Amino acid sequence: EHYGGAYAAVKDVSRWKAEKLASTSQMESYRTEAWRENARKEWDAAGSSGCGLLLWSDPLYPERLRQIPDPPIFLYTRGDTSLLENTCVAMVGTRRSSAYGEQACQRDRRSPVPSRHNNSFRTGVRH
């Protein structure tokens, strides 16, 4: 919102601190590209696990997800990404689920989603 887009923000890295968008150490980390090594490891791990990456700029990226505040810039995918266009039921994981939550998830996961309505079922974790 501040810049109107990611490219404009990246071009103005020297003003991030003055605009209270980042600390000095965050600015330096970006400038020196210290993040690249971890990003490369994550990219390689996704590829070797059979996952795909769907970038925010990809036409298949879900339009409704683009509209939320601070949407993820990419999604790990597996399977038929064209199903992302369908109405869906989604579940996002938790590290500390209750017994009831686990039972509900197992029950709902096994429930058939009527194909005549072009519905799909999605699961995921947000990092």
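Arg40 and Asp44 lie four residues apart in helix H3 and are therefore separated by about one helical turn. In this predicted model, the side chains of the two residues meet in a salt bridge with an N to O distance of 3.5 Å. An α-helix has 3.6 residues a turn, so residues three or four places apart point the same way. Neither end of the pair is buried: Arg40 is partly exposed at a relative accessible area of 48%, and Asp44 is partly exposed at 41%. The helix that carries the pair, H3, spans residues 36-48 and comprises 13 residues. From its first C-alpha to its last, H3 reaches 18 Å, close to the 18 Å expected at 1.5 Å a residue.

The protein chain as a whole contains five helices and four strands, arranged along the sequence as α-α-α-β-α-β-β-α-β. Of its 127 residues, 16% are buried. The chain exposes about 10400 Å², of which carbon and sulfur atoms supply 53%. Among contacts between residues at least 6 apart in sequence, 42% join residues at least 24 apart.

Seven salt bridges are present in the structure. Besides the pair within H3, a salt bridge of 2.6 Å, N to O, joins the side chains of Arg36 and Glu33. Arg36 belongs to the residue range of H3, 36-48, whereas Glu33 is found in the loop between H2 and H3. Both partners are partly exposed, Arg36 with a relative accessibility of 44% and Glu33 with 37%. The backbone of Glu33 is also notable, since its phi is positive, at about 60°, although the residue is not a glycine. Most residues other than glycine have a negative phi.

A further salt bridge is formed by the side chains of Glu63 and Arg66, at 3.2 Å, N to O. The two residues are three apart in helix H4 (residues 63-66), and therefore about one helical turn separates them. Their burial states are not alike: Glu63 is partly exposed, with a relative accessible area of 47%, while Arg66 is buried, at 18%. Elsewhere, salt bridges with shared partners connect Asp12, Arg15 and Glu19 into one network.

Lys20 likewise takes a positive phi of about 60° without being a glycine. This residue is located in the loop between helix H1 (6-11) and helix H2 (24-31). With a relative accessibility of 75%, Lys20 counts as exposed, because the cut-off for that class is over 50%. A positive phi occurs also at a glycine: Gly50, just after H3, has a value of about 90°.

The segment after H3 leads to the strand pairing. Strand E1 (residues 52-55) pairs with E2 in the antiparallel sense over four bridges. Within this pairing, Leu54 stands opposite Leu75 of E2. In a regular strand the side chains alternate between the two faces of the sheet. In E2, Leu75 and Thr77 make up the covered face, and Phe74 and Tyr76 the uncovered one.

Thr77, which lies in strand E2, is buried at 16% relative accessibility, because burial requires a value under 20%. Leaving aside residues up to four places away in sequence, Thr77 touches Gly50, Cys51, Gly52, Leu53 and Leu54. Among these neighbours are Gly50, the residue with positive phi just after H3, and Leu54, the residue opposite Leu75.

Beyond E2, the chain continues into the loop between strand E2 (74-77) and strand E3 (87-92), where Asp80 is placed. Asp80 is partly exposed, with a relative accessible area of 48%. The side chain of Asp80 makes a polar contact of 2.6 Å with that of Ser82.

Key: Residues numbered from 1 in each chain as written. Predicted model: local features only at pLDDT ≥ 70, side-chain atom pairs only at ≥ 80, totals over all residues. Heavy atoms only, no water. Buried < 20%, exposed > 50% of the residue type's maximum accessible area, 1.4 Å probe, protein only. Contact = heavy atoms within 4.5 Å. Areas by Shrake-Rupley, 256 points an atom, 1.4 Å probe, with all protein chains shown as cover. Polar contact = N/O pair within 3.5 Å; in protein donor to acceptor, adjacent residues only side chain to side chain. Pairing = 2+ DSSP bridges. Expected span 1.5 Å × (residues − 1). Salt bridge = Lys/Arg side-chain N within 4 Å of Asp/Glu carboxyl O.
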